[in-house]
Amino acid sequence: MAAGADSTVDVLAIAAHRDDVEQTCGGTLLRMAARGLETGILDLTQGESGTRGSAAERAAEAEEAARILGVRHRQALDLPDGAVSNTLENRLKIACVLRELRPRVVILPYWEARHPDHATCSTLGYEACFLAGLSRLEGSGVESLRPHRPFKIIYASLYADVRPSFVVDITPFIEQRHASLMAYRSQYANQSQGGGLFVPEEEIRERTFAEARHYGLLAGVKYGEPFVQHEIGLVDDITLIPVQSI
């Protein structure tokens, strides 16, 4: 899904690897698409260092997952898989995409993670969002694109041991979210390679649904995805705040 002349999106999810978004905020992208918003995914790496699957296989799987999620735009940069680093060159690459797609909201991974690529992606993505708004930014062709800084940055915190700032109700989309993850057959289908590292295929549904159920219960819905924001929330009418207290 290459960028075109009219390829702007409302929400852009940035992740280190193909299939990260499907796990952490795929249901939220589905919900936004159902509301008529344009969504996109930017994967920073191509999966060449993974235990399972080739970069080419994962590219095809990512396209299928994007179709299921209903995203308007998906692309992968060429940052080294397993060695994502926060350099000016990489910030500029992301800034170019931000200026092309002009999202209002950017979803990043939570800033603490087991996999170094995920934690680095969080900081790298934030700094790229800042740079993309500078009018005199130069390098990697970014100067040919109009400055743009997203209004809001939120962090997908599914695998972080933190209290979320808010939860998105993904109940109507839980099956589609699961289908988008299972599009990555090279990663999640049972196979001997990496058998000791990967969850058995028959357990993936149970685990992912249980996690979504946990966060849904926190917000009074069946299934949810958690997010953290740095900013204080603003309420206009306190009688319309969702989630019952007692």
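Reader: Which residue just after H8 takes a positive phi?
Author: Gly-220 does, with a phi of about 80°. This is a predicted model, in which local features need pLDDT of at least 70, side-chain atom pairs count only at pLDDT 80 or more, and totals for chains, interfaces and linings use all residues. Residues are numbered from 1 along each chain as its sequence is written, and side-chain values use heavy atoms, with hydrogens and water left out.

Reader: What span does H8 reach, and what is expected?
Author: Helix H8 (residues 201-218) has 18 residues and reaches 27 Å from first to last C-alpha, close to the expected 26 Å. The expected span is 1.5 Å times one less than the number of residues. Helices (H or I, at least four residues) and strands (E, at least two) are DSSP runs, numbered from the N terminus.

Reader: Which residues of H8 are buried?
Author: Among them are Ile-204, Phe-209 and Tyr-215; buried means under 20% relative accessible area, exposed over 50%, partly exposed in between (1.4 Å probe, protein chains only). The buried residues cover an arc of only 125° around the axis (directions from the axis to the C-beta atoms), which puts them on the same side of H8. Glu-202, Glu-206 and Leu-217, on the other side, are exposed.

Reader: How do you know that Asp-20 has no salt bridge?
Author: A salt bridge needs a side-chain nitrogen of Lys or Arg within 4 Å of a carboxyl oxygen of Asp or Glu. The nearest side chain of opposite charge (Lys and Arg positive, Asp and Glu negative; His and chain ends not counted) is Arg-58, 6.1 Å away, so buried Asp-20 has none.
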